[in-house]
Amino acid sequence: MQSRSFEKRRGIMLVLSSPSGAGKTTLTRRLLSEDSDVEMSVSATTRQPRPGEEDGKDYFFVSHERFKEMADDGQLLEHATVFENRYGTPKGPVLNALQQGKDVIFDIDWQGASQLVSSAPRDLVRIFILPPSVKALEERLRKRAQDSEETVQKRMAEAESEISRWDAYDYVLVNDDLEQTYSDLKAIVRAERSRRERRPGMSDFVRELMQERSS
Ligand code: ADP
Ligand code: 5GP
């Protein structure tokens, strides 16, 4: 069935940031599995894959040389160095998805989020995820069991500086109860989709409504 003019909308660039272990990946995966209008932006990185991670699905795992080439060639929407590795967002897939009216979700750090403010201010919705406590964050990093003890300690040391970036975001969620946080995330997405400036077909629809009334 053909969609009606009021249904047309501009896609959202949904950025989720948090200290490592606060729950971004868990929330993102769930939203992706339940909402077919949301696509994941798959980043390129120079870090080594963790057990179970797949090239092209979790990340594009690339060499330092290839990453530099992509950055120099303008193929990345943003890029940053995090934990001594380079991370960046390939531009092409994001622009394609937005053009098709899809929302794109980004798991990127505060440096990437602030670069996107200058390149795509209208489409950006930034959400910061906080852990309920430092103890819970450490337990979650251990429970994930993907990193060595040394890496867990490094991530805990970085957490404070990540957390201090919370006030540059549009929304802040404390991920204590996962169901509650996920429900809040969905509410944000629903509300942002209804913003007037993201509804390009609304003027036509309102005109049709007025005509209907006067005819
Ligand atoms: P991030 O992507 O932010 O690094 P993850 O989504 O990988 O974090 O979550 C880290 C660990 O914490 C995972 O094992 C995940 O299952 C767990 N987790 C996520 N949210 C919660 C929550 N609200 N309560 C308890 N454990 C959680
Ligand atoms: P991890 O190695 O745990 O997957 O990610 C480490 C950090 O890098 C996380 O804070 C994550 O949000 C960030 N990150 C992942 N991809 C990108 C990216 O493309 N750009 C930026 N700026 N940060 C990223």
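Student: How far is an oxygen atom of ligand 1 from an N or O atom in the side chain of Thr25?
Tutor: This is a predicted model, in which local features need pLDDT of at least 70, side-chain atom pairs count only at pLDDT 80 or more, and totals for chains, interfaces and linings use all residues. Residues are numbered from 1 along each chain as written, chains are lettered from A and ligands numbered from 1 in written order, and side-chain values use heavy atoms, without hydrogens and water. A polar contact is a pair of N or O atoms within 3.5 Å. For the side chain of Thr25 and the oxygen atom of ligand 1, the distance is 2.3 Å.

Student: Which residue has a polar side-chain atom 3.4 Å from an oxygen atom of ligand 1?
Tutor: Thr26 also places a polar side-chain atom by an oxygen atom of ligand 1, but at 2.5 Å. The residue with the 3.4 Å distance is Ser18.

Student: How much of ligand 1 does the protein bury?
Tutor: Taken alone, ligand 1 exposes 570 Å² (Shrake-Rupley method, 1.4 Å probe). The share of that area buried by the protein is 82%.

Student: Which elements give two or more residues to the shell around ligand 1?
Tutor: The shell holds 15 residues (each with a heavy atom within 4 Å). Helices are DSSP runs of H or I with at least four residues, and strands are E runs of at least two. The elements asked for are α1 (24-34) and α5 (134-144).

Student: How many residues in the shell around ligand 1 are charged?
Tutor: Three of its residues are nonpolar and seven are polar. Asp, Glu, Lys and Arg count as charged, and here the charged residues number five.

Student: Which residue has a polar side-chain atom 2.7 Å from an oxygen atom of ligand 2?
Tutor: Arg47 has a side-chain N or O atom 2.6 Å from an oxygen atom of ligand 2, and Tyr87 has one at 2.6 Å too. The 2.7 Å distance belongs to Asp107.

Student: What share of the area of ligand 2 does the protein bury?
Tutor: Ligand 2 exposes 510 Å² when taken alone. The protein covers part of that area, and the buried share is 95%.

Student: Which elements give two or more residues to the shell around ligand 2?
Tutor: This shell has 17 residues, with Arg47, Arg50, Tyr59, Tyr87 and Asp107 the closest. By class, six are nonpolar, four polar and seven charged. The contributing elements are β5 (76-82) and β6 (85-90).

Student: Which strands stand at the edges of the open sheet?
Tutor: The four strands run in the order β4-β3-β6-β5, with mixed pairing (at least two DSSP bridges per pair). Each edge strand has a single partner, so one of its sides is left without a neighbour in the sheet. These strands are β4 (60-61) and β5.

Student: Which residue of β6 stands opposite Ala44?
Tutor: β3 (residues 44-45) and β6 pair in the antiparallel sense over two bridges. Opposite Ala44 stands Gly88.

Notes: A polar contact is a pair of N or O atoms within 3.5 Å; within protein, one must be able to donate a hydrogen and the other to accept it, and residues adjacent in sequence count only if both atoms are side-chain atoms.
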